[in-house]
Amino acid sequence: QNKNNNMKIALCTMGKYENLYVQEFVDYYIKLGIDHIFIYDDNDPNTERIIDAIDDKYKPKVTTYENIKGKIKNQADAFTNCYHTNIKEYDWFLMIDLDEFLFIVNDTLKNYLSKEIYNKCDFIKFNWATANDNNLLYYDSRPLLERFKPPYTKETFIKSIIRSNIPDLHYWVHSPDYSPIRNVTCNGNGDLMDISQTINTEQNFNESYLEHFSKAFLIHFRYKTTEEFVKKYKRGYSTWFGDKLAEFMNINIHHFFHINRLSLEKINFVERELNLSLTKFKIKYYLRALFFMN
């Protein structure tokens, strides 16, 4: 008997105003082999509900937790709560965002996890491959995988899938918070990772220093269109606040124009909508245009 038949995989995620995309997300992961999806609905009270955007045929495989403010402080708490609440029911827990799509190269998720090379792994860390905006300024209703096609930008940031064998686990946004007595961590290729130098949370954010994309990776639809990037910027992030949020937003703008082709239309749109001065990006645009003209 194939041991895949007995394997059960849960997915834990947190969403804030992702109703336009949650149906595509759920459909993708159920087909990939996820047995149940737990969504912490971070939408503001008395606004849209994530469960309302999910087709009835999928609702038996989806659990949403609403009105979590005051109970769940942030995404790290949501992931940790999801793990410990359901630890006896599932063999693996995939911890990701609603804009991340796990791609298994020429395989299914359960076949992938059943391979002998992963038997030693308690944590498997998947690298991001960030999608560009395909030069789309505004949202349209086509599926993400249709609108934003390769090539993707390979990155060292990671998210994790974790075995249900760690009773004292505390999860951060990208990976577990480690204790001195730690479980075995692998990259997406099944190689053991030397992470002895990455104990604290700050480093855990970006600890997969080598890129591993040959067997599995996450397609990260981080920004989508310029319009959607601006909306996400205005909305903020549950993990960041105060001065850290301002710093993070500044990094996001730089990364947005690094991942996506620079154009005056995009720069002017972001300036106008966010009331920011992006003169340095305009200078960069004109210098680049001048260089290519010559």
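# A tour of the model, from helix α9 inward

Start by selecting L287, which sits in helix α9, the run of residues 279–293. This is a predicted model. L287 has a relative accessible area of 54% and is therefore classed as exposed. Add I283 and L290 to the selection: together with L287 they make a nonpolar surface patch of about 290 Å².

**The whole chain**

Now show the whole protein as a cartoon. Nine helices and nine strands can be traced. Switch to a surface display: the accessible area is about 14500 Å², and carbon and sulfur atoms hold 53% of that. Of the 294 residues, 53% are buried. For contacts with a sequence separation of 6 or more, 77% are between residues 24 or more positions apart.

**The nonpolar cores**

Hide the surface and select Y29 and I37. Within the largest nonpolar core, a set of 49 residues, these two have the most contacts. Colour helix α1, residues 22–32, as well; its seven residues are the biggest contribution to this core. Keep Y29 and display what surrounds its side chain and backbone. Leaving aside residues up to four places away in sequence, Y29 touches L11, I34, I37, L94, I96, E100, F101, L102 and L218.

Next, select A10, I68, I166 and Y171. These belong to a second core, separate from the other one and made up of 20 residues.

**The disulfides**

Select the sulfur atoms of the cysteines. How many disulfides does a search of the whole structure find? There are two. In sequence order the bonded cysteines pair 1-2 and 3-4.

Go to C12 and C82. Their sulfur atoms are 2.1 Å apart, and the two residues form a disulfide. The S-S torsion here is about -70 degrees, so this disulfide is left-handed. C12 is in strand β1 (residues 9–15) and C82 in helix α2, so the bond ties together parts that are 70 residues apart in sequence. Both C12 and C82 are buried.

Then move to C121 and C186, again joined by a disulfide with an S to S distance of 2.1 Å. The torsion about this S-S bond is about -95 degrees, so it is left-handed. C121 is in the loop between α3 (109–114) and β6, while C186 is in strand β8 (residues 185–187); the pair links distant parts of the chain, 65 residues apart. C121 has 0% relative accessibility and counts as buried. C186 is likewise buried, with a relative accessible area of 0%.

From C121, step along to F123 in strand β6, which spans residues 123–130. F123 is buried, at a relative accessible area of 2%. Draw a distance from its C-alpha atom to that of G190: the two are 67 residues apart along the chain, and the separation is 10.0 Å.

**The salt bridges**

The last selection is the charged side chains. The whole structure has 18 salt bridges. Three of them make the final stops.

Select K69 and D42. Their side chains form a salt bridge with an N to O distance of 3.1 Å. K69 is in the loop between β3 (62–65) and α2 (75–85), and D42 is in the loop between β2 (36–41) and β3, so the pair ties together parts 27 residues apart in sequence. Which of the two is buried and which is partly exposed? K69 is partly exposed, with a relative accessible area of 40%, whereas D42 is buried at 8%. Add K16 and D44 to see the network of salt bridges that links K16, D42, D44 and K69.

Select K232 and D99 next. The N to O distance in this salt bridge is 3.0 Å. K232 lies in helix α6 (residues 226–235) and D99 in the loop between β4 (92–95) and β5 (100–104), so the pair ties together parts that are 133 residues apart in sequence. Both K232 and D99 are buried.

Finish at R147 and D140, whose side chains meet in a salt bridge at 3.8 Å, N to O. The cut-off for a salt bridge is 4 Å. R147 is buried, with a relative accessible area of 0%. D140 is partly exposed at 23%; the buried class is for values under 20%.

Key. Residues are numbered from 1 along each chain as its sequence is written. This is a predicted model: local features need pLDDT of at least 70, side-chain atom pairs count only at pLDDT 80 or more; totals for chains, interfaces and linings use all residues. Side-chain values use heavy atoms; hydrogens and water are left out. Helices (H or I, at least four residues) and strands (E, at least two) are DSSP runs, numbered from the N terminus. Buried means under 20% relative accessible area, exposed over 50%, partly exposed in between (1.4 Å probe, protein chains only). Contact means heavy atoms within 4.5 Å. Accessible areas come from the Shrake-Rupley method with a 1.4 Å probe; for residues, only the protein chains shown count as cover. A nonpolar core is a set of buried Ala, Val, Leu, Ile, Met, Phe, Trp, Tyr and Cys residues joined through side-chain atoms within 4.5 Å. Patches are made of residues with over 30% relative accessible area and no salt bridge: like charges are joined within 9 Å, nonpolar side chains (Val, Leu, Ile, Met, Phe, Trp, Tyr) within 5 Å. A disulfide is a pair of cysteine sulfur atoms within 2.5 Å.
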